[in-house]
Amino acid sequence: MIRSVVRGNGAALPRRIMKNADFEGMVETSDEWIVQRTGIRQRHVAADDETTASLGEAAARAALDSAGMTPADIDLIILATSTPNNTFPATAVEIQNRLGMHHGFAFDMQAVCSGFVYAVATADLYIRGGLARRVLVIGSETFSRILDWNDRSTCVLFGDGAGALVLEAQEGAGAITDRGVLAASLRSDGAHKDKLFVDGGASTTGTVGHLRMEGREVFKHAVGMITDVIEATFGEAGITAQDLDWFVPHQANKRIIDASARKLGIAEEKVVVTVDLHGNTSAASVPLALSVAVADGRIKRGDLVLLEAMGGGFTWGAVLLRW
């Protein structure tokens with residue numbers, strides 16, 4: 001059977017690093033308060049000349065270099081983002097043009113923090129369906145553009161950045177030992193919209209708006225939803241938590257990551273945590289964490305890796321793959 005195998009990965013971060021202490025003159029907070037409640041110590045914030053498209057392009061080029069490919073080898077670009085450069089056209093098309101790619105097709109996917117997981121699952125379907133052989137999957141965000149910098153409950157949580165994977169169709173035996181995407185589970189429930197949303201939009205206010213969040217409510221639902229979708233993915237693949245080599249969760253909050261891993265029985269040493277370095281970068285969170293763990297040698301070819309994310313909507317999902 002056809003498997004969607006990771007051929008390369010890459011990442012890009014804005015030049016500016018904003019430490020927790022930098023907020024102390026802006027809102028009523030402290031480094032100790034932020035670290036204790038979230039695990040975040042710093043985040044990257046985009047300058048005026050750094051956009052979702054430019055960061056996405058840089059991550060894409062790094063992934064292509066890692067794969068030993070050029071844009072000419074790619075059939076499809078899927079960009080996961082909630083902060084596009086324009087209402088339309090899709091920012092994926094802008095990245096396609098920046099790469100000098102004038103063939104194939106490209107589109108954006110909007111599932112907030114779950115966007116990259118949704119995009120990997122979608123790319124896998126395009127590959128297995130025969131509509132694409134090589135897919136560039138990107139998560140790129142500039143959440144700093146939609147933050148209310150006077151709201152201490154949200155402005156300290158988010159950062160900007162981008163990450164990317166190149167997936168390629170390869171023949172597999174149909175066994176759990178195959179490389180590539182092995183299983184995926186996706187969920188959403190719009191009843192929770194008001195717990196995490198942006199209070200603007202082209203069809204409602206005609207403005208971009210700002211991010212609004214009921215933090216306690218998000219936390220209350222997060223662990224249960226995350227474990228639900230991961231257990232479904234384990235069931236589809238016929239594995240248990242003990243079979244995993246690495247768990248790469250959405251980097252929103254260290255307490256959520258820790259609680260989810262404990263509930264699932266995933267050993268602490270198997271969990272990739274980068275929330276301290278990047279904050280919550282929404283759809284860029286999972287590929288950025290992947291890039292760190294690959295670069296430092298933790299994730300290696302043949303490792304069994306679980307990706308997971310939850311975001312506004314609510315949306316949540318998990319993808320199991322062998323690196």
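**Exercise 1.** Which residues of strand E11 (residues 246-249) are buried on one side, and which on the other?

*Solution.* Keep in mind as you work that this is a predicted model. Start with one face of E11: Trp-246 and Val-248 lie there, and both are buried. Then turn to the other face, where Phe-247 and Pro-249 are buried too. Both faces of the strand are therefore covered, since buried means under 20% relative accessible area.

**Exercise 2.** Find the strand that E11 is joined to, and the bridge partner of Pro-249.

*Solution.* Look to strand E12 (residues 304-311): 4 bridges join E11 to E12, and the two run parallel. Next, follow Pro-249 across to E12, where its bridge partner is Glu-308.

**Exercise 3.** Classify the ring pair of Phe-23 and Trp-149, then place both residues in the chain.

*Solution.* A search of the whole structure gives 4 aromatic pairs. For Phe-23 and Trp-149, the ring centres are 6.1 Å apart and the planes meet at 15°, so this pair is stacked; the cut-off for stacking is under 30 degrees. Now locate the partners: Phe-23 is in the loop between strand E2 (16-19) and helix H1 (31-38), while Trp-149 is in the loop between strand E6 (134-142) and helix H5 (152-155). With 126 residues separating them, the pair links distant parts of the chain. Finally, check accessibility: Phe-23, at 0%, counts as buried, whereas Trp-149, at 26%, counts as partly exposed.

**Exercise 4.** Identify the rings that have an arginine over them.

*Solution.* Take Trp-33 to begin with: Arg-152 lies over its face, 4.7 Å from the ring centre. Then go to Phe-219, where the charged end of Arg-255 sits over the ring at 5.1 Å from its centre.

Technical notes: Residues numbered from 1 in each chain as written. Predicted model: local features only at pLDDT ≥ 70, side-chain atom pairs only at ≥ 80, totals over all residues. Heavy atoms only, no water. Phe/Tyr/Trp six-rings, centres within 6.5 Å; stacked < 30°, edge-to-face > 60°. Buried < 20%, exposed > 50% of the residue type's maximum accessible area, 1.4 Å probe, protein only. Lys NZ or Arg CZ within 6 Å of the ring centre and 35° of its normal. Pairing = 2+ DSSP bridges.
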